[in-house]
Amino acid sequence: MPGTVQSIERAAAVLRLLAGGTGRLTLGDIAHSLDLAKGTTHGILRTLKAVGFVEQDRTTGHYQLGAAMLRLGTGYLDINELRSRSINWADPLAARSGEAVRIGTVLDGQVLVVHHVFRPDDTFQTLEVGALLPLHATALGKALLAYSAAGAHPPPILDRFTHRTLVTARALSIDLSHIRAVGYSVEIEELTPGEAGVAAPIRGHGGLVVGAIGISGHVERVCDTHYQPHPQLVTYVRDTARAVSRDLTAVGR
């Protein structure tokens, strides 16, 4: 059986990105979110524009869905599929890192925790499956925001949870740009004092980010004395996110 056509997968990912986010994105935004070269992204956009699937604002140059695609649905990946494809990788991540593992996706402008593995010790822990977390104050949420996962956009008011929470659009924008540059997100006492987390995006077909996986635990365990996450933990998280992404993109091939 012949394989899938990569260019069509990428074009579909562009359309879903425009349908699920704020709807008006720059060429750079799209290229970063899908991890594509700008030249490749521009070629896809030019073709989609030619057939009416994408429109470009003449003043700003931003892209949005064209009239032919206004009925495109925003749903992309069934939550159960994300959970089932991630579950086999979550336990090993918890064992290697020694921290709790959560997998999340976007629901109604928040992070929905679809799977949670307890930290591998005897301390009391509460199952968080089904919990809703703020996008701007969690590692999972910031990974989803940085890569424009479907439905992921900052709320108009950034609620403050601790003195370290990012509550201005500029501060959050700078942090999201850094996340895109390094490929992972970090949250240090931004939601809960004494807690820190590291997360990385999970990609579906075409490179579209459909979820995130991360670890969370006490700052003293996750970070060094300079409040930087331990490199080994970052490696564990990023490797696991890539493994889950490979499983997701293998579906249907």
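Which residues does Lys142 touch, not counting residues up to four places away in sequence? In this predicted model, the partners of Lys142 are Leu135, His136, Leu166, Leu172, Asp175, Leu176, Ile179, Ser185, Val186, Glu187 and Glu190. Lys142 itself sits in helix α5. With a relative accessible area of 0%, this lysine counts as buried, because the cut-off for that class is under 20%.

Before the rest of the structure is explored, a word on confidence is helpful. Averaged over the chain, pLDDT comes to 88, and 91% of the residues reach 70 or more. Confidence is highest in strand β6 (residues 185–188), with a mean of 98, and lowest in strand β2 (residues 63–65), with a mean of 83. Some caution is welcome for residues 70–76, where pLDDT stays under 50. For that stretch the model has 14 contacts beyond four places in sequence.

The empty spaces come next. Rolling a probe the size of a water molecule over the atoms shows where empty space is left. A search of the whole structure turns up one cavity of 30 Å³ or more, and the space in this largest cavity is about 60 Å³. The lining of the cavity is made by Ala100, Arg102, Thr138, Ala139, Leu140, Glu187, Gly197, Val198, Ala199, Gly214, Ile215 and Ser216. Two or more of these lining residues come from each of β3 (100–107), α5 (139–146), β7 (195–203) and β8 (209–218). Sorted by class, the lining holds six nonpolar, four polar and two charged residues. Two names here will be familiar from the opening paragraph: helix α5 is also home to Lys142, and Glu187, one of the lining residues, is among the residues that Lys142 touches.

Turning to the pockets, the largest one holds about 540 Å³ of space. Its lining has 26 residues, and the closest to the centre are Leu34, Asp35, Arg203, Gly207 and Ser245. At least two lining residues are supplied by each of α1 (6–20), α2 (27–34), β7 and α8 (231–250). Helix α8 gives the most, with six residues. By class, the lining of the largest pocket is made up of seven nonpolar, 10 polar and nine charged residues.

The second largest pocket has a volume of about 420 Å³. Of the 21 residues in its lining, Leu145, Ser148, Pro154, Leu176 and Arg180 lie nearest the centre. Helices α2, α5 and α6 (169–182) each provide at least two lining residues, and the largest share, six residues, comes from α6. The class make-up of this lining is 11 nonpolar, eight polar and two charged residues. Leu176 links this pocket to the opening question, since Leu176 also belongs to the residues that Lys142 touches.

A last stop is Arg221, found in helix α7 (residues 219–222). How far apart are the C-alpha atoms of Arg221 and Glu99? They are separated by 8.6 Å, although the two residues are 122 residues apart along the chain. The side chains of Arg221 and Glu99 are joined by a polar contact of 2.7 Å. Beyond four places in sequence, Arg221 touches Glu99, Arg119, His230 and Leu233. Is Arg221 buried, exposed or partly exposed? Its relative accessibility is 34%, so Arg221 counts as partly exposed, a class that lies between under 20% and over 50%.

Methods: Residues numbered from 1 in each chain as written. Predicted model: local features only at pLDDT ≥ 70, side-chain atom pairs only at ≥ 80, totals over all residues. Heavy atoms only, no water. 1 Å grid on protein atoms, 1.4 Å probe; cavity = no way out; pocket = protein on both sides within 12 Å on 5 of 7 lines; lining within 4 Å. Points joined across faces, edges and corners; volume = space filled by probe spheres on them. Helix = DSSP H or I, 4+ residues; strand = E, 2+ residues; numbered from the N terminus. Nonpolar A, V, L, I, M, F, W, Y, C, P; charged D, E, K, R; others polar. pLDDT = per-residue confidence, 0-100. Contact = heavy atoms within 4.5 Å. Buried < 20%, exposed > 50% of the residue type's maximum accessible area, 1.4 Å probe, protein only. Polar contact = N/O pair within 3.5 Å; in protein donor to acceptor, adjacent residues only side chain to side chain.
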